[in-house]
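Colleague: Please take a close look at one backbone feature of this model, and then follow it outward into the parts that surround it or resemble it. I would like the cut-offs stated as you go.

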Amino acid sequence: MYINSIILAAGKGKRMNSNLPKPLHKVAGKTFLHWLKETLKKASVSKNIFVLGHNNEKLKKHIEGEEFVIQEPQLGTGHAVKLAKEKIKDHESLIIVAYADTPFIEADTIRKMINQIQNGFKISILGFKTNNPTGYGRIITEKNNEVIRIVEENDANKEIKSITLCNSGVLAGKASDIFEFLDQVELSNNGEYYLTDIVSICAKQGSKIGYIECLEEELIGINNRADQAKAENFIQDRLIQHHLLNGVTLLNPKSVYFDATAEIQKDVIIEPNVFIGPNVKIESQTVIKAFSYLENCSIGKECNIGPYARIRPDTVIENNARIGNFVEIKNSVIGENSKVNHLSYIGDTSIGLKSNIGAGTITCNYDGTNKNKTTIGNNVFIGSNTSLIAPIRINDGSIVGAGSTISKDVKENSIAIERSIQKQFKKRNIITKK
């Protein structure tokens, strides 16, 4: 069956206090929009239709190739869904109504809603139970667990307010049914058309309305920065469990930050206070030591990284390499069994096999206009406190003496050293006049 999603994203998001549209804010490195679109794809949704507000040029760039409508004026959730009707070609297809600021629903949850519709329910509502239901609409059911109506908080009496089964706003149904019910929704006292009104309309016609109950955490709605922080904690907990179950050792799990795109193999050990940023790949039996920062990089097997190492984008560290304390590496390849152990900057560089880079080595890769490449071969030894002025090639088997500034290529199996002559003077007494 063909499935459409209608994603409501027209809100101004004023409470985020940001120039960035709310759906483009991130949790674990991915936008709210990205999280939701991934889930809908896993749930076999064929097409997304976005309902945008009047001032969402930035948002349009992130949904390029997707269909959208503009809700202006904004007359409530029912009005928003009704606007998407023009984008749905097959009215026998299914609709999932979702919200851009509620991005963490699981694909299995959506599949359960779809199954309810396929099993004869006209509408499937997504609900959750909470110890603090204040502010949510309550789902009212009969003894057979069929839904008869949703009562908003403002309209609820004391008895209904005691109900802990709450409405998320997410629902599913056949397109023809949803739009037929929406045509019967009346304007509320505050000038809006409520999507939830279709539930009571459907029930009065004697049709079956079901609900799926999911965990409250799946339905975290993000309205402000505090909600975003709460969502971040939830997703980090989920990612921690994911990596632990996949065989990663975390010495202090809560102190490690994971981007959602990180790929980490079993038997990796991660020490406390490590940042694993976007597009990081770490192969098995590697140790990431404390206070290291990794992003957009690939690290091979049996490597040792840190402590206090910064591995920047487009870096590849091959098997059994050693990157030590206070070392920064950017856009470079570090070959197998090579070492950059102390206080060094390696940028736009290729290092071969079994080479050793001494403490305080700097690749001087920027000439004020261009970034230039340094090539260091196999079995090369670079002495401490050396500056390598790119573009430059240090060939296989060569040695560079400590304290050198090297600006010309070093031939294979050569020793290169560049130092000024050391001068020594007799110490004199210094007389200070009173």
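Modeller: Phe-326 lies in the loop between strand S24 (322-325) and strand S25 (328-330), where strands (E, at least two residues) and helices (H or I, at least four) are DSSP runs numbered from the N terminus. The model is a predicted one, in which local features need pLDDT of at least 70 and side-chain atom pairs count only at pLDDT 80 or more, while totals for chains, interfaces and linings use all residues. Residues are numbered from 1 along each chain as its sequence is written, and side-chain values use heavy atoms, with hydrogens and water left out.

The phi of Phe-326 is near 55°, a positive value in a residue other than glycine. Most residues other than glycine have a negative phi, and most peptide bonds are trans. With a relative accessible area of 48%, Phe-326 is partly exposed, a class that falls between buried (under 20%) and exposed (over 50%), taken with a 1.4 Å probe on protein chains only. Lys-354, in the loop between strand S29 (349-351) and strand S30 (356-357), likewise has a positive phi, of about 55°, although it is not a glycine; at 55% relative accessibility, Lys-354 counts as exposed.

S24 and S30 both belong to an open sheet of 10 strands with parallel pairing, in the order S12-S15-S18-S21-S24-S27-S30-S33-S36-S38, two strands being paired if DSSP finds at least two bridges between them. The edges are strand S12 (249-250) and strand S38 (415-416), each of which has a single partner strand, so one side of each is left without a neighbour in the sheet. At the S12 edge, 2 bridges join S12 to strand S15 (residues 269-270) in the parallel sense, and Leu-250 has Ile-270 of S15 as its bridge partner.

Backbone features of another kind occur in loops as well. Pro-307, in the loop between strand S21 (304-305) and strand S22 (310-311), follows a cis peptide bond from Gly-306 with omega near 5°. The bond from Ala-390 to Pro-391 is also cis, with omega near 0°, and Pro-391 lies in the loop between strand S34 (387-389) and strand S35 (392-394).

A further positive phi, about 70°, is found at Ser-44, just after helix H1. In H1 (residues 32-42) the buried residues are Phe-32, Leu-33, Trp-35, Leu-36, Thr-39 and Leu-40. They cover an arc of only 165° around the axis, which puts them on the same side of H1; the arc is that of the directions from the helix axis to the C-beta atoms. Lys-41 and Lys-42, on the other side of H1, are exposed.

For pairing in the opposite sense, one can turn to strand S10 (residues 165-174), which is mostly covered, with 9 of its 10 residues buried. S10 pairs antiparallel with strand S6 (residues 94-99) over 4 bridges, Val-97 having Leu-171 as its partner in S10, and S10 is also joined by 6 antiparallel bridges to S7, where Phe-128 is partnered by Cys-166. Strand S7 (residues 123-129) in turn runs parallel to S11, with 5 bridges between them, among them the one that gives Leu-126 its partner Ile-212. In strand S11 (residues 209-213), 4 of the 5 residues are buried, so S11 is largely enclosed by the rest of the structure.
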